[in-house]
Structure formats: structure tokens, C-alpha cells
Amino acid sequence: MTQGLVGTIRYTSVNSHLSIEQSRRDDLEALFYILVYIIKGKLPWQGLVVFDDETRMRKIAEMKCSITPEKLTEGLSSKMCTFFKYVKKLKFTDAPDYSYLTKLLIEVAEEKELKLEDHAFEWSA
């Protein structure tokens with residue numbers, strides 16, 4: 001099944017750009033882009049000088065398709081690269097290993113010396 005672009009262009013998954021039906025993998029890809037934005041303050045496809053939305057969407061999709069995980073996570077913990085590579089390998093019907101992904105993010109936070117009191121999240125209860 002195909003559908004139009006779902007989500008904010010800056011953060012949406014490559015599959016969304018390609019009008020491919022979304023699944024949990026796409027939510028995780030979008031989450032990843034949001035985390036990179038929060039940590040770095042910018043994504044590589046921000047600030048493109050284009051004159052119409054269609055061209056902007058196409059250029060952002062091209063950048064997302066062509067950028068390597070290593071380039072996208074440059075300057076970040078290697079665990080962020082691992083997170084992204086894991087997410088990009090997921091198939092449509094795959095159930096992500098949320099415990100593994102959570103562990104990676106907790107390790108990133110610990111590397112940054114962020115205080116995580118109990119490693120519990122409100123949705124864990």
C-alpha cells in the first residue's frame with residue numbers, strides 16, 4: 001500500500017518520502033532524526049536553498065538516501081550509529097528490539113554524563 005508523505009519533512013523516514021507504507025521501523029527512523037537534531041542542533045538537510053516545496057522534499061529525500069550512517073552520526077557516540085544501522089535494517093513486519101535500542105540510548109546518555117535516576121520511563125510502568 002502506498003500513501004503520501006507522513007510527518008514533518010525534516011524528520012520523516014525515507015520510506016515516507018518514497019510513499020511506502022509506514023511501520024514501527026519508520027517511527028524509529030523519525031525518532032533517530034529528532035535525537036540527532038536535539039544533540040547536534042541541526043540536520044544536514046536543513047537550510048537547503050530551494051524555491052518550491054516539491055524540490056525541497058525531493059532534495060531532502062535524496063540526502064537521506066545517500067548519507068552514510070557514519071556521516072550522519074559524525075561527532076556523536078558510536079552507539080548512535082549502531083542505533084541507526086539497526087533501525088535501517090528492519091523490515092516492514094519486524095518487531096524492533098526496544099530493550100536493545102533503549103539500552104543503546106541509555107549508554108549514550110551515560111557517556112554524556114546525563115543523570116538518569118532509575119532508567120525508568122513513564123511508559124515502562
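Hi everyone, this is a short walk through the cavity, a surface patch and some salt bridges in the structure above.

A word on the ground rules: this is a predicted model, where local features need pLDDT of at least 70, side-chain atom pairs count only at pLDDT 80 or more, and totals for chains, interfaces and linings use all residues. Residues are numbered from 1 along each chain as its sequence is written, and side-chain values use heavy atoms, with hydrogens and water left out.

Let's begin inside. A search of the whole structure turns up one cavity of 30 Å³ or more. By cavity I mean a set of points, on a 1 Å grid over the protein atoms alone, where a 1.4 Å probe fits but cannot get out; lining residues have an atom within 4 Å of a point. The volume is about 40 Å³, taken as the space filled by probe spheres set on the points. Who lines this cavity? The residues are Ile 39, Leu 76, Ser 77, Met 80, Val 108 and Lys 112. By class, that gives four nonpolar, one polar and one charged.

Now to the surface. Ile 39 turns up again here, joining Ile 34 and Ile 38 in a nonpolar patch with about 260 Å² of accessible area together. For patches, residues need over 30% relative accessible area and no salt bridge, and nonpolar side chains are joined within 5 Å. Ile 34 sits in helix 2, residues 24-40; helices are DSSP runs (H or I, at least four residues), numbered from the N terminus. At 33% relative accessibility, Ile 34 counts as partly exposed, a label for values between buried (under 20%) and exposed (over 50%), with a 1.4 Å probe and protein chains only.

On to charges. How many salt bridges does the structure hold? Nine, each being a side-chain nitrogen of Lys or Arg within 4 Å of a carboxyl oxygen of Asp or Glu. One of them pairs Lys 85 with Glu 70 at 2.7 Å, N to O. Lys 85 lies in helix 5 (residues 78-89) and Glu 70 in helix 4 (residues 69-72), so this pair ties together parts 15 residues apart in sequence. Lys 71 also bridges to Glu 74, with the closest N and O atoms 3.4 Å apart.

My last pair is Glu 111 and Lys 79, at 3.1 Å, N to O. Glu 111 belongs to helix 6 (residues 98-111) and Lys 79 to helix 5, so parts 32 residues apart in sequence are tied together. Through shared partners, salt bridges join Lys 79, Lys 103, Glu 107 and Glu 111 into one network.

Thanks for listening!

Key
1 Å grid on protein atoms, 1.4 Å probe; cavity = no way out; pocket = protein on both sides within 12 Å on 5 of 7 lines; lining within 4 Å. Nonpolar A, V, L, I, M, F, W, Y, C, P; charged D, E, K, R; others polar. Patch = residues over 30% accessible without salt bridge, like charges linked within 9 Å, V, L, I, M, F, W, Y side chains within 5 Å. Areas by Shrake-Rupley, 256 points an atom, 1.4 Å probe, with all protein chains shown as cover. Helix = DSSP H or I, 4+ residues; strand = E, 2+ residues; numbered from the N terminus.
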